[in-house]
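Here are a few notes to read alongside the structure. Keep the 3D view open and follow the points in order.

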Amino acid sequence: MPATIILGGLWGDEGKGKLTDVLASSAQMVVRANGGSNAGHTVVNSNGAFKFRLMPSSILNDNCISVLGAGVVIDLPTLVGEIDDLLQRGFDVSNLRISDRAHIVLPWHRALDQLEERRREQDEIGTTLNGNGPAYADKVSRHGLRIAELMKPEVLRRRLAIELDAKNQLLASVYGADGFEFDAVYRQLAEAADRIRPYVVATEVVVQDELAKGSQVLIECAQGAMLDIDYGTYPYVTSSSPTAAGACQGAGVAPTQVERVIGIYKSYTTRVGGGPMPSELLDATGNLIRQRGNEFGTVTGRPRRTGWFDAVAARQTARMNGVTDVMIALVDVLDVFDEIRMCTAYQFADHQLHHVPALLDDLVGAEPVWQSLPGWNQDTTSARTWDDLPEAARSYLDAIETTIGAPVNFAGVGPDREQTIERKR
Ligand code: GDP
Ligand code: IMO
Ligand code: MG
């Protein structure tokens, strides 16, 4: 019963969409496990370029069932928009399955995300403003609406009336903001319900049936393990668990059914939004990485913060998630450097840290301890085997492997599906 988890190793945007698309060609099922429309997963192949937010990145693979698991929060306009876009471009979405347990992002979640960010002023999280945090908060406090309720007009009416009333009171009293009108929200939801109805099932059953057949099932996480609500850089995190454990929970797969955990990291580090990033480069090198890696948010267009590879945080997430295979993506972005650096510890006046602490104040003043490695100063974008990579690039990947303690078995040398190298040991 082999399930494989694909998770982001640090702060997101590591190339999960690309690897999911590549591996989906030999899988029977892909399950997106967490997150919502805050994600932006890029897929580039012979069909064109796609930026998926909710749609599992496998959707272009006809032989594969693409599942939105129970751990996802669904912004209906985004999902319906993605379905329509694919249909208009001539693609088939009949292989899509949507969990009846997934929660719905309601209009007030988006409003509250924006209002809360404004209230935090300079301490803002820098969320994607898509309503994800408030939707997960309502899920946990048992005020959420699920797809199963959306499918039953009478249940939807009853639950919606209660939740809308409470949220309108909150919006007015705490934020002085306008509320929502029941009929308009109900109509919008009912229309979306009819659009997604053909795809809604008990996905946990579908997933287990597939595993019981001995099929290959991939679990696609969104975000990255350093954005995890428990083990990330709280409070500068997302509101779900983009971890191996979270992947199991969100997809409806047991830990004992997982054979492989692929952790994807970039050859350097990026982060969007606020929060600590000890290996950040606020100089010309950081700018060059940003330009070469086209490091601008897939969803928001925001410039991503850039820095050298943070092996401290990477080692932490590789260990905690039981990463069996590491993919280092965007190796080609470093093709122009004479020297490459990797952060191996956080230095303070009188001590060093080798992990990311719970209290972010304990990171203030951290200076990265750099390990310097020779660059390769050579184009890697046409490399297709491990041996095609320059020796210095292979040495760099080996150094990452040794430092974070997990085998680097994949490398990315460009955005296209073809630009993925698997190491044959
Ligand atoms: P995800 O959220 O993890 O799926 O990653 P994103 O799609 O948000 O961001 C990754 C970006 O890097 C996208 O623009 C990809 O097309 C691009 N990309 C992925 N792998 C590579 C690679 O190996 N080299 C280069 N140059 N770009 C890559
Ligand atoms: P993918 O799946 C990068 C970040 C936001 C913000 C924090 C909280 O494409 O890798 P949220 O909207 O989730 O409440 O924002 O998390 N964030 C991401 N950063 N990639 C993502 O997704 C992200 N999803 C959320 O920038 O710092
Ligand atoms: Mg992304």
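1. Start at Gly40, where a polar backbone atom lies 2.8 Å from an oxygen atom of ligand 1. Please keep in mind as you look that this is a predicted model. Gly40 is also worth a second glance, as a polar backbone atom of this residue is 2.9 Å from an oxygen atom of ligand 2.

2. Stay with ligand 1 for a moment. It has 17 residues around it, and the nearest are Gly15, Lys16, Gly40, Thr42 and Asp332. Gly15 offers a polar backbone atom 2.8 Å from an oxygen atom of the ligand. From Asp13 it is the side chain that takes part, with a polar atom 3.0 Å from an oxygen atom of ligand 1.

3. Now turn to ligand 2. Which residues are the closest to it? They are Lys16, His41, Thr128, Gln223 and Thr238, out of 20 that surround the ligand. Two side chains are good to pick out here. In His41, an N or O atom of the side chain is 2.7 Å from an oxygen atom of ligand 2. In Asn38, a polar side-chain atom is 2.8 Å from an oxygen atom of ligand 2.

4. Next, have a look at how helices pack, beginning with α3 (residues 107–120) and α4 (residues 132–140). Their axes come within 7 Å and cross at roughly 120 degrees, so the two helices are oblique to each other. The crossing is right-handed. On the α3 side the contact uses Trp108, His109, Leu112 and Asp113, while α4 brings Asn132, Pro134, Ala135 and Asp138. By class, these residues are 4 nonpolar, 2 polar and 2 charged.

5. Helix α3 has another partner, α6 (residues 153–175). Here the packing angle is about 20 degrees and the axes are 11 Å apart; an angle under 35 degrees counts as roughly parallel, and α3 and α6 are therefore described that way. The crossing is left-handed. From α3, Trp108, Leu112, Leu115, Glu116 and Arg119 meet a set of α6 residues that includes Leu160, Glu163, Leu164 and Lys167. Also in that set are Leu170, Leu171, Val174 and Tyr175. The contact divides into 9 nonpolar, no polar and 4 charged residues.

6. A third pair to find is α2 (residues 76–88) with α7 (residues 182–196). The axes come within 10 Å and cross at roughly 45 degrees, which makes α2 oblique to α7. This crossing is left-handed. Leu76, Leu79, Val80, Ile83, Asp84 and Leu87 in α2 meet Leu189, Ala192, Arg195 and Ile196 in α7. The tally for this contact is 8 nonpolar, no polar and 2 charged residues.

7. Two details of the backbone deserve a check too. Where does Glu121 sit? It is in the loop between α3 and α4, and its phi is near 50 degrees, a positive value in a residue other than glycine.

8. The other detail is the peptide bond from Tyr234 to Pro235, which is cis, with omega near 5 degrees. You will find Pro235 in the loop between β10 (217–220) and α9 (244–251).

Methods
Residues numbered from 1 in each chain as written. Chains lettered and ligands numbered in written order. Predicted model: local features only at pLDDT ≥ 70, side-chain atom pairs only at ≥ 80, totals over all residues. Heavy atoms only, no water. Axes fitted to C-alpha atoms, helices over the stretch in contact; angles between N-to-C directions. Helix = DSSP H or I, 4+ residues; strand = E, 2+ residues; numbered from the N terminus. Parallel < 35°, antiparallel > 145°, perpendicular 65-115°, else oblique. Left-handed = near helix turned anticlockwise from the far one by under 90°. Contact = heavy atoms within 4.5 Å. Nonpolar A, V, L, I, M, F, W, Y, C, P; charged D, E, K, R; others polar. Near = heavy atom within 4 Å. Polar contact = N/O pair within 3.5 Å; in protein donor to acceptor, adjacent residues only side chain to side chain.
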